[in-house]
Structures are given as structure tokens and as C-alpha cells.
Amino acid sequence: MADATLLHGELRLAGRLDARFFALLEAIDSTRSINRAARAAGYSYKGAWLLLETASNLANEPLLERAIGGKGGGGSQLTPAGHALLAAWRGLQGAHADFLRAQEALLIQQPALAGLLRRIAMKTTARNQFAGTVSAVEAGPVTTQLTIALAGGQEIVATMTSAAATRLQAAVGKEAIALIKSSAVVLVTDFAGYQLSARNQFAGTVSRVERGAVSSLVGLTLPGGAVITASVTNDAVDALGIAVGQAATAVVKAYSVMVAMRA
């Protein structure tokens, strides 16, 4: 799997002419039809015309002209000014891409920063994402247990199939991200002398309660500053009297922890 691009930058000319606008010009150049070009670039016919008229007015000369003859009896084609603008875009777009590649090459020479950006770049619906390093691997014939050490001193235990661990090439010292859905986090405010079988138990302080129509998002700040978020029904929030500043423990089963590792 190729590395994800760490740098992105949108190129715009005059602050408003973007890649979509020039896709419209290219489509007009190839189809000689504003109607077909608008559909190809994702514009309505009226929206394409308005944009082209505005651009032509700002350029002080038309970007389109009526084509004479040809298949279908003519159509629309780019004027020399339109061709010049499109050519300028293509050149600038190439230079822009080269600039981003050069800067990314410099960025990759800073492993810590590049690693941070790669972790942030991953998009997932799991609200809780914790970066750490694999500190232990206990492999069995069917399941494998991974322990991920976090910067704040906590450890997260994840249980997965041994086939999944092999696919991840899980090994001690390898960087990993633990993903936990907020709905998989159980908050305990009083153990009442009981012990729970769940491997992951994180004591902290409630730092945020965002109440919704049915459920609330409760943020628990752990020692070291990491925050784990739990989705709790409003009835449970009221019953437990959960409030900011209260001590609580986030409990997560090892099977509820997903693990991501660099390919």
C-alpha cells in the first residue's frame, strides 16, 4: 500500500477559479458543448454559464465563442484567451504538484512529525483513537492479545484473531493506533467492592458532558492528559449523577479494541 499523501493544497487562480472550473473549460474544449461539459464538471447548465460569463467579464475578453459547422452543426469552443488561461492552469498545476512533492520529501525526513500527520490523516468513525507502541504480543492458536503502551503511561489491551495479528505483522516495538467506539466504553463511578473482568480499566476525571436528545458524550481525562469519550444514555447520566470534576473509570473489553498499524 502506498503512503498516504501528507500535504494537500488547493490551487485557485484569482481566488475563485479552481480545478472544477478548469475541468469545465477542458470539457468544453473536448466536447464543444456547454451542456455536456457542465454535466461532466458537475455544474448545472445555468451555473456553468454564469461562471463562464463572470470569468469572461473579469478577463475583459470572452473565453468562449460560437463554433461554426462541424458535427452537429457547431457548438461552443474556447477562444485564444480561453486556451491561454487553460494552458496557464496546466502549467501552474504541474508546478504546484512538484512543489508539494518536494515539501513532502522534506517532511518525511522528520519521522516524528511525519508519523504524527499520518496518524491524524486516518479517517474513521471511532471517536477514541490512541497512538502508542506495542509492548507485548501473546499469540495463541486462535486469538492473539496485544498490549499497546501509550505516552501517558496507560496500556490498552486488544484481543483479535491470530490471523488478524499476522496480517498486521504485529510485533513488539511497532507503532499502533487503538480505536475504540464511544458506545463500547462503560463508565463506572462506584465499584462497590466488586471487580470487573474487562482488561481495560482507565481511572480519570470527567472533563466534559455533552448532552443530546437521547444520549450524552462524556469525556474522561486520564493521567497524562489523554481523553477517552463514552456514549452514555441521558437516563444513565442522571442516575449516576455524572458531572464535570467527578472521578470515574472507563471500562473497555479487549475484544472492543480495534488496532491499526502501518502497512
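## Exercises on salt bridges, helix packing and polar contacts

Arg12 counts as partly exposed, at 40% relative accessibility. On this scale buried means under 20% relative accessible area, exposed means over 50%, and partly exposed lies in between (1.4 Å probe, protein chains only). The model is predicted, so to speak a calculated one: local features need pLDDT of at least 70, side-chain atom pairs count only at pLDDT 80 or more, and totals for chains, interfaces and linings use all residues. Residues are numbered from 1 along each chain as its sequence is written, and side-chain values use heavy atoms, with hydrogens and water left out.

**Exercise 1.** Find which residue Arg12 meets in a salt bridge, and which residues are linked in a network with Arg12.

*Solution.*
- Start with the rule: a salt bridge is a side-chain nitrogen of Lys or Arg within 4 Å of a carboxyl oxygen of Asp or Glu.
- Apply the rule to Arg12: its side chain meets that of Glu10 at 3.3 Å, N to O.
- Check the partner's surroundings: Glu10 is exposed, with a relative accessible area of 57%.
- Extend the search: Glu10, Arg12 and Asp18 are linked in a network of salt bridges.
- For the model, the count by this rule comes to 6 salt bridges.

**Exercise 2.** Describe the salt bridge of Asp98 with Arg101, then that of Glu210 with Arg208.

*Solution.*
- Take the distance for Asp98 and Arg101: 2.3 Å, N to O.
- Place the pair: both residues lie in helix H4 (residues 80–108), 3 residues apart, about one turn of the helix. Helices (H or I, at least four residues) and strands (E, at least two) are DSSP runs, numbered from the N terminus.
- Look at accessibility: Asp98 is partly exposed at 45%, whereas Arg101 is exposed at 53%.
- Turn to Glu210 and Arg208, whose side chains meet at 2.8 Å, N to O. Glu210 is partly exposed at 42%, and Arg208 is partly exposed at 26%.

**Exercise 3.** Work out how helix H1 packs with helix H3, and which residues make the contact.

*Solution.*
- Choose the descriptors: two packed helices are described by the angle between their axes and the distance between the axes.
- Read both: the axes of H1 (residues 19–31) and H3 (residues 45–59) come within 11 Å and cross at roughly 100°.
- Classify the angle: H1 is roughly perpendicular to H3.
- List the residues in contact (heavy atoms within 4.5 Å): Phe21, Leu24, Leu25 and Ile28 of H1, with Ala48, Leu51, Leu52 and Ala55 of H3.
- Sort them by class: the contact has 8 nonpolar, no polar and no charged residues. Here Ala, Val, Leu, Ile, Met, Phe, Trp, Tyr, Cys and Pro count as nonpolar, Asp, Glu, Lys and Arg as charged, and the others, Gly among them, as polar.
- For reference, axes are lines fitted to C-alpha atoms, for helices over the stretch in contact, with angles from 0 to 180 degrees between N-to-C directions. Angles under 35 degrees are roughly parallel, over 145 roughly antiparallel, 65 to 115 roughly perpendicular and the rest oblique.

**Exercise 4.** Locate Ser33 and decide whether Ser33 is buried or exposed.

*Solution.*
- Find its place: Ser33 is in the loop between H1 and helix H2 (34–41).
- Compare with the cut-offs: its relative accessible area is 13%, so Ser33 is buried.
- Follow the side chain of Ser33, which reaches the backbone nitrogen of Arg36 at 3.1 Å.
- Leave aside neighbours within four places in sequence: Ser33 is in contact with Ile28 and Ser76.

Technical notes: A polar contact is a pair of N or O atoms within 3.5 Å; within protein, one must be able to donate a hydrogen and the other to accept it, and residues adjacent in sequence count only if both atoms are side-chain atoms.
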